[in-house]
Amino acid sequence: MAVCCLIPYRLIPKLPRRFALILTGFFLSGFMTLVISGVATFRSVGLAEDFVNKWLAAYLNGWVILFPMVLVVVPLVRSLVARVTTRD
């Protein structure tokens, strides 16, 4: 079970909404890098003895690059989506 499900929501400290973009980038890049680095590492070395170490190294290297990149790209993507959609 996820840790967030074990802690009552009223006990989790809240950050101001101005941090939403940074938090979105943090979580989005973290999850995406975890999955993609795992798949790429598995395809590269299979279930080798040191798979977890290689996966962790790939994850950290990828996340360091992807996190700042997402912070730049997310506002551009939102702008693009706003241009190609209409209000309901």
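Two exercises with worked solutions follow, on a pocket and on two helix residues of a predicted model.

Residues are numbered from 1 along each chain as its sequence is written. Because the model is predicted, local features need pLDDT of at least 70 and side-chain atom pairs count only at pLDDT 80 or more, while totals for chains, interfaces and linings use all residues.

**Exercise 1.** State how much space lies in the largest pocket and how the residues of its lining divide.

Solution. A pocket is an open set of points on a 1 Å grid over the protein atoms alone, where a 1.4 Å probe fits, with protein on both sides within 12 Å along at least five of seven lines, and lining residues have an atom within 4 Å of a point. The largest pocket holds about 200 Å³ of space, a volume being the space filled by probe spheres set on the points. Its lining includes Tyr-9, Pro-13, Phe-19 and Phe-27, as well as Lys-14 and Arg-17. The lining residues divide into nine nonpolar, no polar and two charged, where Lys and Arg count as charged and Tyr, Pro and Phe as nonpolar.

**Exercise 2.** Decide whether Gly-30 and Thr-41 are buried or exposed, and list what each touches.

Solution. Gly-30 is found in helix α2, residues 20-45, and Thr-41 is found in helix α2, a helix being a DSSP run of H or I with at least four residues. Gly-30 is buried because its relative accessibility is 11%, and Thr-41 is buried because its value is 7%; buried means under 20% relative accessible area, exposed over 50%, with a 1.4 Å probe and protein chains only. Not counting residues up to four places away in sequence, Gly-30 touches Gly-25, Tyr-59 and Trp-63, whereas Thr-41 touches Gly-46, Phe-51, Lys-54, Trp-55 and Ala-58, contact meaning heavy atoms within 4.5 Å.

Methods
Heavy atoms only, no water. Helix = DSSP H or I, 4+ residues; strand = E, 2+ residues; numbered from the N terminus.
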